[in-house]
Amino acid sequence: MKPSDISEAEWQARLDLAACYRLLAHYRMTDLIYTHVSARIPGEDEAILINPYGMMFHEIRASDLVRVDLRGEPVRETNAPINRAGFFIHSAVHEARPDIACVIHTHTTAGMAVAAQEPGLLMLSQHAARFHGRLSHHDYLGVADDDAERRRLANDLGDNLVMLLRNHGILACGRSTPEAFIEMNYLERACQAQVAALAGGLPLRVLPDAVAAQTARQFDVARERRKTPDGQTFTLEWAALTRLLDLTDRSWRD
C-alpha cells in the first residue's frame with residue numbers, strides 16, 4: 001500500500017501508529033508478537049488500524065497496518081492475518097469511547113507486577129501521582145472472548161485514559177496516538193519505579209492524597225496549556241520521539 005492509495009488523514013494515522021509500535025519496541029514494552037496498538041482513522045468512526053498478526057513491533061511499517069472494523073473484520077481485501085482475540089480489548093474501548101483515537105495494551109513485567117499487587121499503583125513518585133484519581137481497574141476473569149466481557153471492560157474504563165488489568169497488564173488510551181503513547185510511557189515508568197522501590201526492602205514514603213491529587217491537577221493544566229490550536233497534545237515530545245526513530249531506521253515511514 002502506498003500513500004497515494006489512501007487519504008492524507010489515513011496515511012498520517014498510519015505513520016503515527018507505526019511510530020508508536022517502533023517506540024514500544026525501543027522502550028522494551030513488547031511481548032513477542034502479542035499485545036497490540038490500534039488507532040482510529042480520523043473521520044471514520046468504525047475504521048481501525050492494527051498490526052498484522054505475526055510481525056514484531058520493531059518491523060512495523062505504515063503500509064503494513066491493516067484496516068479493520070470494530071469487530072476486527074478487514075475492511076479492505078488483505079492476506080494479512082488478524083489476531084481477533086488480541087483485538088477484543090481494543091474493540092471494546094473504541095466502540096464505547098468515540099473520543100478515543102488510540103488504544104495501547106501491554107504485558108510488561110512491571111505492568112503485570114503492579115496489576116497483581118493488591119493496592120495497585122501506589123503514589124510513590126511524580127509519575128504515579130499524575131494518575132491519581134484517573135486510573136481504572138479491571139478484574140481478570142480469564143481470556144476476554146464474549147460481549148459481556150466487552151461491556152465490563154468499557155464500563156470499568158469509564159472516562160479515564162489508563163487502566164490496570166488485574167493479573168494481566170496495563171492499558172493506555174489517547175485522543176491521539178501521541179497522547180496514548182505518552183500515557184503508557186508514564187504509567188509503565190511509574191510501575192517500574194514501584195517494583196524497584198518495593199524490592200529495596202526499606203520503608204516507603206507514599207505521597208499524601210492531597211499532594212498526589214494536586215500533582216494530577218497540575219499535569220492536567222499543563223496538558224491544556226500546551227494544546228495546539230487544532231487541539232493536539234504532546235507535539236514536542238512526539239517530534240523528538242520520531243527524530244529518535246529516524247536516527248537508526250526510517251523504514252517505519254514506508
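Trainee: Which side chain does R61 meet in a salt bridge?

Mentor: That would be D64: the two side chains pair up at 3.3 Å or less, to be exact 2.9 Å from N to O. Keep in mind that this is a predicted model.Mentor: Scratch the 3.3 Å I just said, since that number belongs to R22 and D249. For R61 and D64 it's simply 2.9 Å, N to O.

Trainee: OK, and is R61 buried or exposed, or something in between?

Mentor: In between: R61 is partly exposed, at a relative accessible area of 33%. D64, on the other hand, is buried, with 15%.

Trainee: Why does 15% make D64 buried?

Mentor: Because buried means under 20% relative accessible area, and D64 has 15%.

Trainee: And why would side chains pair up like that at all?

Mentor: Opposite charges can pair when the charged atoms come close.

Trainee: How many salt bridges are there in the whole structure?

Mentor: A search of the whole structure turns up 19. One of them is the R22 and D249 pair I mixed in earlier, at 3.3 Å from N to O. That pair links distant parts of the chain, 227 residues apart. R22 sits in helix α1, residues 8-26, and D249 is in the segment after α8.

Trainee: What about cover for those two, buried or exposed?

Mentor: R22 is buried, with a relative accessible area of 7%. D249 counts as partly exposed at 34%.

Trainee: Which side chain does R130 meet?

Mentor: E183, in a salt bridge of 3.7 Å, N to O. R130 lies in the loop between α4 and β5 while E183 is in helix α6, so the pair ties together parts 53 residues apart in sequence. Both R130 and E183 are buried.

Trainee: Which residues do shared partners join into a network there?

Mentor: R130, R175, E179, E183 and R223 are joined into one network by salt bridges that share partners.

Trainee: Switching topic: how do helices α2 and α5 cross?

Mentor: Their axes come within 9 Å and cross at roughly 60°. For reference, α2 covers residues 84-96 and α5 covers 147-157. That makes them oblique to each other, and α2 passes α5 in a right-handed crossing.

Trainee: Last one. Which residues make the nonpolar surface patch?

Mentor: L198, L204 and V206 make a patch of about 230 Å². L198 has its place in helix α6, residues 177-199.

Trainee: How accessible is L198?

Mentor: L198 is partly exposed, with a relative accessible area of 38%.

How values were computed: Residues are numbered from 1 along each chain as its sequence is written. This is a predicted model: local features need pLDDT of at least 70, side-chain atom pairs count only at pLDDT 80 or more; totals for chains, interfaces and linings use all residues. Side-chain values use heavy atoms; hydrogens and water are left out. Patches are made of residues with over 30% relative accessible area and no salt bridge: like charges are joined within 9 Å, nonpolar side chains (Val, Leu, Ile, Met, Phe, Trp, Tyr) within 5 Å. Accessible areas come from the Shrake-Rupley method with a 1.4 Å probe; for residues, only the protein chains shown count as cover. A salt bridge is a side-chain nitrogen of Lys or Arg within 4 Å of a carboxyl oxygen of Asp or Glu. Helices (H or I, at least four residues) and strands (E, at least two) are DSSP runs, numbered from the N terminus. Buried means under 20% relative accessible area, exposed over 50%, partly exposed in between (1.4 Å probe, protein chains only). Axes are lines fitted to C-alpha atoms, for helices over the stretch in contact, and angles run from 0 to 180 degrees between N-to-C directions. Angles under 35 degrees count as roughly parallel, over 145 as roughly antiparallel, 65 to 115 as roughly perpendicular and the rest as oblique. A crossing is left-handed if the near helix is turned anticlockwise from the far one by less than a right angle, and right-handed if clockwise.
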